[in-house]
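This note is addressed to a colleague who is meeting the structure for the first time. Its points go from the chain as a whole to its cores, its charged surface and a few single residues.

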Amino acid sequence: MRKILTATMAALMATTALGAAGAASAQSRHDHRYEHRYEHRDDRRDYRHDRREYRRELREYRQQQRAYERWQRAERRYYAPRYVPPRGYAVRTWSYGQRMPSYYRTNAYVVNDYDRYGLRAPPRGYQYVRSGNDVVLSAVAGGLITAVIAGLFN
């Protein structure tokens, strides 16, 4: 009887040990799959981060391109009547972001026949203004300069 009891206890302990080992191996396989899933998630995050960086660099590049277009040299020069600056003002070079005085926004300096000089139609609320040999695209209301076309006139 003692032999049977000992054999039963040994078999029970062996089964328990094997069951624990099997559970442990199943657990480790589960952990491996779990880690593998997180690796893919990290890869996706890195990919999204790289795409965001690329889009940000592309936006900055386009902003630089637009900034370049704010000041451009005319490819062709046109003959126009002699330029006389407003009283009290001398001919000067304007740049993006400055404000033109109200004297320049009178009909004597506004370029209404922009097609004749190869210019596109100004956006609503803007007008082309002549200053020396240059043409400036400025807001009608406040005179804020958004583009300068240098050397359009002879």
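1. Extent of burial. The chain has 154 residues, of which 22% count as buried. Here buried means under 20% relative accessible area, exposed means over 50%, and partly exposed lies in between (1.4 Å probe, protein chains only). Accessible areas come from the Shrake-Rupley method with a 1.4 Å probe, and for residues only the protein chains shown count as cover.

2. Basis of the note. The model is predicted: local features need pLDDT of at least 70 and side-chain atom pairs count only at pLDDT 80 or more, while totals for chains, interfaces and linings use all residues. Residues are numbered from 1 along each chain as its sequence is written, and side-chain values use heavy atoms, with hydrogens and water left out.

3. Secondary structure. The chain contains one helix and five strands, in the order α-β-β-β-β-β from the N terminus. Helices (H or I, at least four residues) and strands (E, at least two) are DSSP runs, numbered from the N terminus. Helix α1 covers residues 2-69.

4. Nonpolar cores. A nonpolar core is a set of buried Ala, Val, Leu, Ile, Met, Phe, Trp, Tyr and Cys residues joined through side-chain atoms within 4.5 Å. The largest core has twelve residues, among them Ala74, Tyr78, Val111, Tyr128, Leu137 and Phe153. Strands β4 (134-139) and β5 (145-150) are the elements that give two or more residues to this core. A second, separate core has nine residues, including Trp94, Val136, Ile145 and Val148. In soluble globular proteins, nonpolar side chains tend to be buried together.

5. A core residue. Leu137 belongs to strand β4 and, at 10% relative accessibility, counts as buried. Its C-alpha atom is separated by 9.3 Å from that of Pro123, and the two residues are 14 apart along the chain.

6. Charged patches. Patches are made of residues with over 30% relative accessible area and no salt bridge; like charges are joined within 9 Å. Lys and Arg count as positive and Asp and Glu as negative, with His and the chain ends not counted; the place of a charge is taken as NZ of Lys, CZ of Arg, CG of Asp or CD of Glu. The negative patch consists of Glu39, Asp43, Asp46, Asp50, Glu53 and Glu57. Arg44, Arg48, Arg51, Arg52, Arg55 and Arg59 form a positive patch. Glu53 lies in helix α1, as does Arg48. Both are partly exposed, Glu53 with a relative accessible area of 31% and Arg48 with 40%.

7. Salt bridge. Which side chains meet in a salt bridge? They are those of Asp113 and Arg116, at 3.3 Å, N to O, and the structure holds one such bridge. The term denotes a side-chain nitrogen of Lys or Arg within 4 Å of a carboxyl oxygen of Asp or Glu. Asp113 is partly exposed, at 32% relative accessible area, whereas Arg116 is exposed, at 55%.

8. Loop residues. Glu75 is in the loop between β1 (71-73) and β2 (110-111) and is exposed, with a relative accessible area of 85%. Glu75 and Gly118 are 9.7 Å apart in space, C-alpha to C-alpha, and 43 residues apart in sequence. Gly125 is in the loop between β2 and β3 (126-131) and counts as partly exposed at 43% relative accessibility.

Methods. Patches are made of residues with over 30% relative accessible area and no salt bridge: like charges are joined within 9 Å, nonpolar side chains (Val, Leu, Ile, Met, Phe, Trp, Tyr) within 5 Å.
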